[in-house]
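Reader: I should like to learn how to read a protein model feature by feature. Could you take me through one?

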Amino acid sequence: MVPVARAFARQFLLDHPFVADTELVLSELVTNAVVHGSGVDVAISLVHKGDSIRVEVSDHGSDSSPIRRDPSPDADGGRGLLLVDSIASRWGHEGVPGLYTMTWAEISTEETHE
């Protein structure tokens with residue numbers, strides 16, 4: 001599922017300078033949806049409007065909200081939302097526990113973005 005999402009982002013954004021950032025954010029959010037949600041009903045949305053790219057990933061069956069963790073250096077996982085937080089200008093989530101969670105991230109494409 002993650003490789004398909006990455007390919008979708010590459011095709012959607014073509015040669016956009018922020019395609020790699022968008023792919024990484026999308027990969028992390030899709031991975032979280034698969035691991036922490038039902039793992040089967042995952043929907044993605046990309047919107048490029050003005051000076052930002054909005055990534056949305058929805059899943060069904062998640063009972064918890066996404067939480068950014070600060071894992072130890074030797075931890076096997078838990079860094080996905082740290083990456084999202086470092087790339088996105090802002091991110092968040094909405095939903096109904098047990099029914100769906102939609103996590104979103106906005107990537108600024110202004111020239112001052114680093």
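Author: The discussion below goes from the overall fold to single residues and their charged pairs. Please keep in mind throughout that the model is predicted.

Reader: Let us begin with the overall fold. How many helices and strands are there, and in what pattern do they follow one another?

Author: The protein chain holds 3 helices and 4 strands. Along the sequence they appear in the pattern α-α-β-β-α-β-β. Of the 114 residues, 37% are buried. Among contacts with a separation of 6 or more, 56% join residues 24 or more positions apart.

Reader: How should I read the sheet, and which strands stand at its edges?

Author: One looks at the order of the strands and at the sense of their pairing. Here the sheet is open, has 4 strands in the order 1-2-4-3, and its pairing is antiparallel. Strand 1 (42-49) and strand 3 (90-96) are at the edges; each has a single partner strand, so one side of each lacks a neighbour in the sheet. On average, neighbouring strands are turned by 15 degrees against each other, direction ignored.

Reader: Where do the first two helices lie relative to this sheet?

Author: Helix 1 (residues 2-13) packs on the sheet and touches strand 1 and strand 2, its direction making about 20 degrees with that of strand 1. Helix 2 lies across strand 1, strand 2 and strand 4, and runs at about 15 degrees to strand 2.

Reader: What is to be noted about the hairpins, and which residues stand opposite each other in them?

Author: Strand 1 and strand 2 are paired in the antiparallel sense over 8 bridges. They form a hairpin with 2 residues between them, and Gly50 in the turn has a positive phi of about 60 degrees. In this pairing His48 stands opposite Ile53 of strand 2. Strand 3 and strand 4 (residues 100-108) pair in the antiparallel sense over 7 bridges. Their hairpin has 3 residues between the strands, with Gly98 in the turn at a positive phi of about 85 degrees. Here Val96 stands opposite Tyr100, and Gly95 opposite Thr101.

Reader: Which residue has a positive phi although it is not a glycine?

Author: As a general idea, most residues other than glycine have a negative phi. In this model Leu14 departs from that, with a positive phi of about 50 degrees. Leu14 is placed in the loop between helix 1 and helix 2, and its relative accessible area of 60% makes it exposed.

Reader: How does one judge burial for a single residue; is Val55, for instance, buried or exposed?

Author: One reads the relative accessible area, with buried meaning under 20%. Val55, in strand 2 (residues 52-60), has a value of 0% and is therefore buried. Leaving aside residues up to four places away in sequence, Val55 touches several others, including Leu26, Leu29, Leu46, Trp104 and Ile107. Val34 in helix 2 (residues 19-36) is partly exposed at 32%. Together with Met1 and Val35, Val34 makes a nonpolar surface patch of about 250 Å².

Reader: How should charged pairs be read, and how many salt bridges are counted?

Author: The general idea is that side chains of opposite charge can pair when their charged atoms come close. The count in this model is 5 salt bridges. One of them joins Glu23 to Arg10, with the closest N and O atoms 2.6 Å apart. Glu23 belongs to helix 2 and Arg10 to helix 1, so this pair ties together parts that are 13 residues apart in sequence. Glu23 is buried at 8% relative accessibility, whereas Arg10 is partly exposed at 40%.

Reader: With which residues does Glu106 form salt bridges?

Author: Glu106 pairs with Arg54, the closest N and O atoms being 2.8 Å apart. Glu106 lies in strand 4 and Arg54 in strand 2, so the pair ties together parts that are 52 residues apart in sequence. At 14% relative accessibility, Glu106 counts as buried. Glu106 also meets Arg90 in a salt bridge of 2.9 Å, N to O. Arg90 lies in strand 3, so this second pair ties strand 4 to a part 16 residues apart in sequence. Arg90 is partly exposed, at 47%. Through shared partners, salt bridges join Arg54, Glu56, Arg90 and Glu106 into one network.

Definitions and conventions. Residues are numbered from 1 along each chain as its sequence is written. This is a predicted model: local features need pLDDT of at least 70, side-chain atom pairs count only at pLDDT 80 or more; totals for chains, interfaces and linings use all residues. Side-chain values use heavy atoms; hydrogens and water are left out. Buried means under 20% relative accessible area, exposed over 50%, partly exposed in between (1.4 Å probe, protein chains only). Contact means heavy atoms within 4.5 Å. Patches are made of residues with over 30% relative accessible area and no salt bridge: like charges are joined within 9 Å, nonpolar side chains (Val, Leu, Ile, Met, Phe, Trp, Tyr) within 5 Å. Accessible areas come from the Shrake-Rupley method with a 1.4 Å probe; for residues, only the protein chains shown count as cover. A salt bridge is a side-chain nitrogen of Lys or Arg within 4 Å of a carboxyl oxygen of Asp or Glu. Two strands pair if DSSP finds at least two bridges between them. Axes are lines fitted to C-alpha atoms, for helices over the stretch in contact, and angles run from 0 to 180 degrees between N-to-C directions.
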